[in-house]
Amino acid sequence: MEKDNCNKKSLSEVLDVRQFRHTNSPVFSTAIFAVIMLLVVAGTILSNMSLKSTFFWSSPTSEVIQTNRMERKSLAPPKNTTSRDRIAWLHSHLTEFEVRFFMTWFSPAEYFGKREMLAVESVFKAHPQGCLMIVSGSLDSLQGDSILKPLNDRGYKVFAATPDMSLLLENTPAKSWFQEMKSCKRDPGRIPLHQNLSNLARLAFLYKYGGVYLDTDFIVTRSFKGLKNSIGAQTVVEGDSKNWTRLNNAVLIFEKDHPLVYSFIEEFASTFDGNKWGHNGPYLVTRVAQRARETIGDNFTVLPPVAFYPFNWLDIPRLFQTPRGSNDSTLLKTDLVKLNRESYGLHLWNKITRKLKIGKGSVIDIIISDHCVVCRGIQR
């Protein structure tokens, strides 16, 4: 009983957005996403719309203008109209965005640090006309507004929005899994629940809306335009870049209603294990994609490791080191050529590198300088 109560409390802390907030990366063509955009871009709460039409928490009060939201003058729907009119206006303008990205952040806002901001900034360095939604209860706050303000002040379209997981998972194979977890009928396991909710949320967003998902420790180094229904290999058979052995879910690019993404969600719900790291994340997409080779065929592309994971978690630490001699300098130049010519970005493997200092003149130091847009003290 004590364990059940503990699990229930832990789950409520993750899922109850209202409580959490007090404690503290294809075209999105649906009216639901328009509501999200309207909430943040125009700074208006649509309280007269029920949760049946939006998977984000809305204010229980009457429709008001939030004073803590900065007005996005570059994309602001008319104010003195009905909610339906404003949604229709915004929906007609969504195609103005070059590329649509989203990330998830299920941790407190104060943990969203300089390296996470570098990941966000790199999106706009490569896609200045892009749009990034961060799915997060903690960043959808005054503190989150302050964190994202330097980018918004420069006209970049980045915002945070609070998810309602129940409605996000409506009509997906994971709906019953979530209800069982929420009612404490299923063991969440030893892995922090927010990690697995992030694994699931990215899949649900991709399936329902399509787009580009990025982890917050991924640095974009060139435009994603032209990529479609793609996932990156992390490891391959030596000497054969097409014979992959493991995929990764840190970068996912899929159109709405893609059958492979549906299979990912189905696998998550049917084989969930909260005690095995990676089982519901990179290992999941690997085993499903392996089976899908025969059933789905050429409906998706597996890109070689150099696309998103040019350096594995064993090699990545040396990219943080200042070159100490001619050999190091030569290797640094080779690394940069590889990144600039062959890769779309660089996964930093934050679990390994979070505490590493960024050496002056290192590969990471140069990458930061080349791909930041605000560039405030990220190297420190």
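**Surroundings of T221, a surface patch and a disulfide**

In this predicted model, T221 touches L339, S343, Y344, G345 and H371, with residues up to four places away in sequence left out of the list. T221 itself is found in the loop that runs between strand 5 (218-220) and strand 6 (230-236). Two of the residues touched by T221 are also reached by its side chain through backbone atoms. The backbone oxygen of S343 is reached at 3.4 Å, and the backbone nitrogen of G345 is reached at 3.2 Å. The relative accessibility of T221 is 12%. Because buried means under 20%, T221 counts as buried.

On the surface, W313, L314 and I352 form a nonpolar patch, and together these residues have about 310 Å² of accessible area. One member of the patch, I352, lies in helix 14, which covers residues 350-353. I352 has a relative accessible area of 37% and is therefore partly exposed.

The count of disulfides comes to one. This disulfide joins C372 to C375, with an S to S distance of 1.9 Å. The torsion about the S-S bond is about 105°, so the disulfide of C372 and C375 is right-handed. The two cysteines were also assigned to accessibility classes. C372 counts as buried, at 4% relative accessibility, whereas C375 counts as partly exposed, at 38%.

Accessibility was also computed for two further cysteines. C131 has 2% relative accessibility and so counts as buried. C184, with a relative accessible area of 25%, is partly exposed.

Note on methods. Residues numbered from 1 in each chain as written. Predicted model: local features only at pLDDT ≥ 70, side-chain atom pairs only at ≥ 80, totals over all residues. Heavy atoms only, no water. Helix = DSSP H or I, 4+ residues; strand = E, 2+ residues; numbered from the N terminus. Buried < 20%, exposed > 50% of the residue type's maximum accessible area, 1.4 Å probe, protein only. Polar contact = N/O pair within 3.5 Å; in protein donor to acceptor, adjacent residues only side chain to side chain. Contact = heavy atoms within 4.5 Å. Patch = residues over 30% accessible without salt bridge, like charges linked within 9 Å, V, L, I, M, F, W, Y side chains within 5 Å. Areas by Shrake-Rupley, 256 points an atom, 1.4 Å probe, with all protein chains shown as cover. Salt bridge = Lys/Arg side-chain N within 4 Å of Asp/Glu carboxyl O. Disulfide = S-S within 2.5 Å.
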